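Colleague: I'd love a close look at one small part of this model before I go back to the bench. Could you start there and then walk me outward through the surroundings?

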Amino acid sequence: MKMSKTGLAVIFAAYVLVPLLLGSNSYVMSLIVAAMIIGGIALAWALLGNLGGMVSFGHSAFFGVGAYVSAILTMKAGVPVLAAMLLGGAGAVAASLAMLPVLRLKGPYFALAILAYAHIFKILATEWSSVTGGSAGLASVPRFPTLMGVDLSSKTGSYLIVLSLLLVFIAAYRLIRSSHYGIALRAMHDSEDATRVVGVNSTLLKALMLFVSAFMTGVIGAFNVHYINFLEPDYAFSGLWVTLPIVAAIFGGYRTILGPLVGAVTVYLVDQLVFKNLIPSGHQLVLGALLVAMIIFSPGGLMPLLRKGSRRKHAAA
Amino acid sequence: MSELIMQALYSGVLQGGSYALIALGLALVFGTMKVINLAHGELVLLAAYMAYTVESRFGLSPMFAIPVALVLVCICAVLVYFLISLIRKDRELNSLILTYGVGIILTNAVLLIWSADVRSTSSAWMQDALVFGPFYSMRSEVLFFVVSMALMGGLWWWLSKSWYGRAVRAVSSNRDAAKLMGINPRTTEIVSFVVAGILAAFAGVAIFSYGVIQPAFGHALTVKAFIITVLAGIGSIPGVMVGALLLGIAEALTVTLASSALQELVGMGLFLLVLFVMPNGLFGAAGRRG
Amino acid sequence: MNRISSKIGLVAAALSLHVGGAFADEILVGAEIPLTGSLARVGAGMHEGISVAVDVFNKTNGKHTIKIVTADDESAPAKAIAAVEKLAGDGVVAITGGYGSNNIGPASDAANKLGLPYITSGGVAENLTERGYKTFFRINNTAGYQKAMVGLLDTMQIKSASVVYSTKEATADLAKDVEKELAAKGVAVTLHAFDPAITDFKPIINKVRLQDKPEVIVMVGYENDYVGILRAAKVLKPKVKAMVGVWSLATPKMASDFPDLMPSVYGTALLPFPAEFQTEEGKRFADTYMKLYNKAPDYLGQFGFVQSMILFEAIARAADAGTLKSGGIAQELARTDRQTLIGRVQFSDKGDNLNFVHRMGQHQDGKIAIVWPSDAATGKMNFPGVPW
């Protein structure tokens, strides 16, 4: 868990220089915040893929549940926003408990079973209107508070919150990866049968990774709802929260920790600033092509591709 | 009440016919390659839009679109196969992401070419009512139900009698043994993609003839097809048929007996229930659990 | 000859451009609108209306010139916020556009924070105006659709109705409001909600046919839903006297795409088709629309046009008063009171159009006749009447 000098410099720049230089341009700031939201989901998605060996097409389930739990707790029970965000993450974990039975399933079955959950949660959010506001959704969801003189609901304030969340996620990811769970998980990658023989309970480990991934996604979903101040079922469980993170994670390299984040910022900004101007309707086409090209030419993502020249031993997690 | 239920059963069966066509294509490819083609629904949609073009441009019945749709969809299906064959490692999971990407490309290509407007046939003949006693439907629904039954009969015959069909079955059940018997798995894989494309082309024209299409519709079709293959269990054509009819009937009965707002919930619920209770599906052989 | 005339045209165009640029102060207005994503179609329709409004305003005003800067919100809330902020960065003085309450809410929130007036016709949710922003204005609302539907059913003097509605936000709201008002009038109403993903409506219509046996079927959905419902009804032939829908139904597009499904079906419509514009403004609108897009205007274009014209006029007044940058536009918008293509527009202090009442049209022989309210009617209601 050593922190390199460049790492510290990047963190310093992110906390101080970005707000100072770009803070006044709210358009650029909102692009960055949106990219970081995608980055957070991409990180959680990649953690599940890298450590758990599972592909998910239903992370919108965690995102939506986290958002609804946090919004409802702040609006109906008066829970403070920051505490409610953590509870939103806990809510997503609770939702993932329902998915434990499908953990036994092989790759494609798990990937699509989790998608079924996202559909089910969306229909529940629409039908359970006494709590969720139904299809009309929840408007005027409380904003972030002012803390120690910093208005967290401003663009810069929101940026600082999501930045801190991502840093905590990165630290947690590193901790897990270097713990003996991480080692067992890596062993499981090579041979699930072998780990069973040596007495590692692979389903339990997978479940733990699912919880961590769900928690992260839920917290990001909760962050987003207090940032946008609005929530409805279609938006909370939108395919948007699946497609972009997958593209970002695959593009950046889902076997690395920073890859999904770098991928999210790159893909989101290039998509918004370049592709959108080139092909106004249907610019997602480029994202699809990117996904196909990455899987064929460099399934490990861009980060390993860049690093190929000076490949080190620990390229893979 | 009984009249209501009779009609629900009938509607469900007709709907199940086209579900079965789509699901069979998905199941065939999964059988030979162990790959779920997440762009399968988009291939179906492509055929539906071909039917739209033929009808709106040339004023012809959507039926005339079938040859064009067959060619186009089969070419696309083979292209998807070709892309998948380029994957070097971890094909089971990487192919999911790859075909998901192909689905995004096709959805947006459809959006660019045909715009976001909703489309459906304007042919009066297709939409006219066909009534047998207490059973009501449109002509197009019955027509394509018959077509899909014929196709499935043909498929069953092909799989059990023809050399290629038997090769597909052999590769599905035991790849290595099939290789030893002199079957080239690559050829059978391509064949299974082409057959899936043929089924998708018919299903697409069918959907245009009795339903409404829009660019984002493909993904929902893939999900439905996957639910059915899970219900059926892999490797069973009668299983897929029964699974499709079951889903169609369950949806129609939900609308009739409970609320139409819950229709989609039933499919998903059925899917999870089968996964939990009988993870090998209603008709499948063992071997899905990890 | 052709070449010469085209040259003259070019010179004339260049001159007019030059003259236009010489003494006009060009004012930037933002259009935040979905051009991609699920709302791409309706967004594009509204955008056509906005462009027509710019053309008409710049030709008739003479003093001020408006220039539109468009930002696609991709039918997504976060991108709607970003779009508004981008437009603010470009220096626009106000925003026209927006579709879907879930995008309009956050976008107008952002606009309010930036002090930009926001005018729309794309979101009917109650909670948009409940916020009480001084910068938010909309020219239509659920109540106006509800009044029109209930008004039409009143003239039919029916005793029972089945409401078939999509569980989406705008449709569910409207369906429940209509049900409440009808029930209060003593009409027997049954509600049937359906999932937007549903394609086969026969089981629902069969329930209506065998259990409810209403006099009228009320459909609250979107184009694909109407097609499905009408097809199912055409097959099952329930003994009803009328099929009544809402938006996107009594349109020329539906008449030409589905000629067999539409006869005698009702839907909200601002104008008959073929459009007959009585007013000067209406004629200018239709001509410009034809010139720019080579087709007859639809309701999306009309709403987009009206909201933008009202905004542009308020901007002109504020510019004359020198209050363009000091909140003058919102004040001028609040003072709006004029006849438009959608009737008289006046705003409440929450920014809602006080007078908005939609009209009901009926498909008749491939055309659309306005049949409610009686003072705007262009044809006789074909009642009872159904497509089968």
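Colleague: Through how many residues does a hairpin join β11(C) to β12(C)?

Modeller: Happy to take you through it, with the reminder that this is a predicted model. The hairpin joins β11(C) to β12(C) through 2 residues. Its arms are β11(C), residues 337-340, and β12(C), residues 343-346; they run antiparallel and are joined by 4 bridges. If you want one pair to find on screen, look for C:Gln339, which stands opposite C:Arg344 of β12(C).

Now for the part of the chain around it. Chain C is divided into two domains: domain 1 takes in 2-141 and 278-346, while domain 2 takes in 143-273 and 359-376. The C-alpha centres of these two domains of chain C lie 31 Å apart. Where they touch, domain 1 of chain C contributes 11 residues and domain 2 of chain C contributes 10 residues. The domain 1 side of that contact is made of 6 nonpolar, 4 polar and 1 charged residues. There is also a database view: an unreviewed UniProt entry lists residues 27-351 of chain C as "domain: Leucine-binding protein". In the model, that span is 49% helix and 18% strand, and its end C-alpha atoms lie 23 Å apart.

From the hairpin, turn to an open sheet in chain C. This one has 5 strands in the order β2-β1-β3-β4-β5, with parallel pairing. The edges are β2(C), residues 64-72, and β5(C), residues 136-138; each has a single partner strand, so one side of each is left without a neighbour in the sheet. From one strand to the next, the twist averages 25 degrees. At the β5(C) edge, 3 bridges link that strand to β4(C), residues 118-120, and the two run parallel. A pair to look for here is C:Tyr118, whose bridge partner in β5(C) is C:Phe136. Helix α2(C), residues 40-61, lies across β1(C), β2(C) and β3(C), running at about 165 degrees to β2(C).

Two peptide bonds in chain C are worth checking. Most residues other than glycine have a negative phi, and most peptide bonds are trans. The bond from C:Phe273 to C:Pro274, however, is cis, with omega near 0 degrees. C:Pro274 sits in the loop between β10(C), residues 266-268, and α11(C), residues 280-293. The bond from C:Phe383 to C:Pro384 is cis too, with omega near -10 degrees, and C:Pro384 falls in the segment after β14(C).

Next, the place where chain C meets chain A. That contact takes 24 residues from chain C and 23 residues from chain A. On the chain C side, α3(C), α4(C) and α7(C) each supply at least two residues. The most comes from α3(C), with 7 residues. By class, the chain C side has 10 nonpolar, 6 polar and 8 charged residues.

Chain A has another partner in chain B, and there the contact takes 33 residues from each of the two chains. Among the helices of chain B, α4(B), α10(B) and α12(B) each supply at least two residues to the side touching chain A. The largest share, 15 residues, comes from α4(B). The chain B side has 24 nonpolar, 4 polar and 5 charged residues. The unreviewed UniProt entry for chain B annotates several stretches as "transmembrane region", including 12-30 and 64-84. Residues 12-30 of chain B are 100% helix, with end C-alpha atoms 26 Å apart. Residues 64-84 of chain B are 95% helix, and there the end C-alpha atoms lie 31 Å apart.

Last, two stops within chain A. Helices α12(A), residues 240-252, and α13(A), residues 258-278, have axes that come within 7 Å and cross at roughly 115 degrees. The crossing is right-handed. Among the residues making this contact are A:Leu244, A:Val247 and A:Phe251 of α12(A), with A:Leu261, A:Val262 and A:Tyr268 of α13(A). Taken together, the contact has 11 nonpolar, 4 polar and no charged residues. The other stop is A:Ser140, a residue other than glycine with a positive phi, near 50 degrees. You will find A:Ser140 in the loop between β1(A) and β2(A).

Conventions
Residues are numbered from 1 along each chain as its sequence is written. Chains are lettered from A and ligands numbered from 1 in the order in which they are written. This is a predicted model: local features need pLDDT of at least 70, side-chain atom pairs count only at pLDDT 80 or more; totals for chains, interfaces and linings use all residues. Domain bounds come from an automatic or database domain assignment. Two residues are in contact if their C-beta atoms, placed from the backbone, lie within 7 Å. Ala, Val, Leu, Ile, Met, Phe, Trp, Tyr, Cys and Pro count as nonpolar, Asp, Glu, Lys and Arg as charged, and the others, Gly among them, as polar. UniProt positions are given in the numbering used here, feature names are shortened, and annotations may be inferred rather than shown by experiment. Axes are lines fitted to C-alpha atoms, for helices over the stretch in contact, and angles run from 0 to 180 degrees between N-to-C directions. A crossing is left-handed if the near helix is turned anticlockwise from the far one by less than a right angle, and right-handed if clockwise. Two strands pair if DSSP finds at least two bridges between them.
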